[in-house]
Structures are given as structure tokens and as C-alpha cells.
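Please open the model in your viewer and keep the selection panel at hand. The tour moves outward from one starting point, one selection at a time.

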Amino acid sequence: MRRNLLATAVLLGLALLQIGCSTARRGEALGMPVALGTPAEARGQQVFMQHCQQCHPGGAGGLGPALNDKPLPGFMIRLQVRNGLGAMPAFSERQIAPAELDDLIAYLKALRRAGRDA
Ligand code: HEC
């Protein structure tokens, strides 16, 4: 009787250990809060790193204001990028192609999503 109880306890312990191990999120990059789900978002990140990162580091505020903390509609971002404002330069279609701007906006939306989840 006692033996059975002990065996049950051990089995229960092993089962719990199994559950614990299988739900541990191993191999996930830590300190990489932005989950880039789509190829467009990944391409947008490249455009961002090239043209925007220096003033909006990681989508947060730097020389320019934070972009990841407010629901900026796509057309507002387009307007801002194409025309510039104050200290922010304008970017022509030669610098950022229309398709790249689409990707960039997808990336900025991913950044905002990540900010909201955090
Ligand atoms: C040289 C620095 C600089 C670069 C490069 C830059 N920005 Fe800006 N950005 C600014 C500044 C400064 C402002 C604030 C302008 C103002 O309101 O006078 C701003 C504002 C913005 C805004 C409006 C934010 C708001 O709260 O209204 C958006 C959107 C934006 N930038 C997106 C971008 C994107 C996308 C890129 C890359 C293509 C970029 N910026 C590159 C400096 C920069």
C-alpha cells in the first residue's frame, strides 16, 4: 500500500516535470521583442534600419518621436515619409520605392503590435 503511494507520487512528479519541460520556450531569442510574422515585415525592417533607425531607434523616440506607441494610420506615415516635417527629411521614390514603403508600414505596424503586447 505504502509502496503504491510512493510510486504514484514519483510518477506524478515525473509527469509534472514533463509538462514543465515541454512548455518551456527554449530556443527563443530573448531581447528580440518584435515577432516578424511576414516577409513584408522583414523587408520593412531592412528599410527601417537603413532610413529611419537613426532618428527613431527601434521605433522608440530619439531625435524623432516614438512611432510604436500610437496608432498612426498608414496614410499619415506615407505623408510624413514622402514630405518630411520639421527636422525629418523627405524620402523620394528613388530612396524608398513604393513597394518598400508598403513593407515599411507593415513593419511599423508589427512594432506597434509588439509594443502593445509588452
Ligand atoms: C533625421 C532624422 C529622422 C529620420 C531619418 C526619420 N525621421 Fe521621422 N521624424 C523625425 C522628426 C524630428 C519627427 C518630428 C517632426 C515634427 O513633428 O516636427 C519625425 C516624425 C515622424 C513621424 C510622425 C510621428 C508623430 O508622432 O506624428 C513618423 C510617422 C515618422 N517620423 C516616420 C519615419 C520613418 C518611417 C522614417 C524612415 C523612412 C523616418 N521617420 C526617418 C526625424 C527623423
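Begin with the iron atom of the ligand, which in this predicted model is coordinated by His56 through NE2 and by Met88 through SD, at 2.0 to 2.1 Å. If you display the angles among the six donor atoms of the iron atom, you will find them running from 86 to 179°, and the site is octahedral.

Next, colour the chain by helix and follow it on either side of these two residues. His56 lies in the loop between helix 2 (39-51) and helix 3, while Met88 lies in the loop between helix 3 and helix 4, so the pair ties together parts that are 32 residues apart in sequence.

Now select the side chains that make polar contacts with the ligand. An N or O atom in the side chain of His56 is 2.8 Å from a nitrogen atom of the ligand, and in the side chain of Lys70 such an atom is 2.8 Å from an oxygen atom of the ligand.

Then widen the selection to the whole shell, where 22 residues surround the ligand, the closest being Cys52, Cys55, His56, Lys70 and Met88. Coloured by residue type, the shell divides into 15 nonpolar residues, six polar ones and one charged. Helix 3 (74-83) and helix 4 (98-117) each contribute at least two residues to this shell.

Finally, switch on a surface display and look for the largest pocket, which is where the ligand sits.

Technical notes: Residues numbered from 1 in each chain as written. Predicted model: local features only at pLDDT ≥ 70, side-chain atom pairs only at ≥ 80, totals over all residues. Heavy atoms only, no water. Near = heavy atom within 4 Å. Polar contact = N/O pair within 3.5 Å; in protein donor to acceptor, adjacent residues only side chain to side chain. 1 Å grid on protein atoms, 1.4 Å probe; cavity = no way out; pocket = protein on both sides within 12 Å on 5 of 7 lines; lining within 4 Å. Sits in = over half its atoms within 2 Å of the grid points. Helix = DSSP H or I, 4+ residues; strand = E, 2+ residues; numbered from the N terminus. Nonpolar A, V, L, I, M, F, W, Y, C, P; charged D, E, K, R; others polar. Donors = N, O, S within 2.8 Å, 3.2 Å for Na, K, Ca; no water. Tetrahedral: all angles 85-135°; square planar, octahedral: opposite > 155°, others 65-115°.
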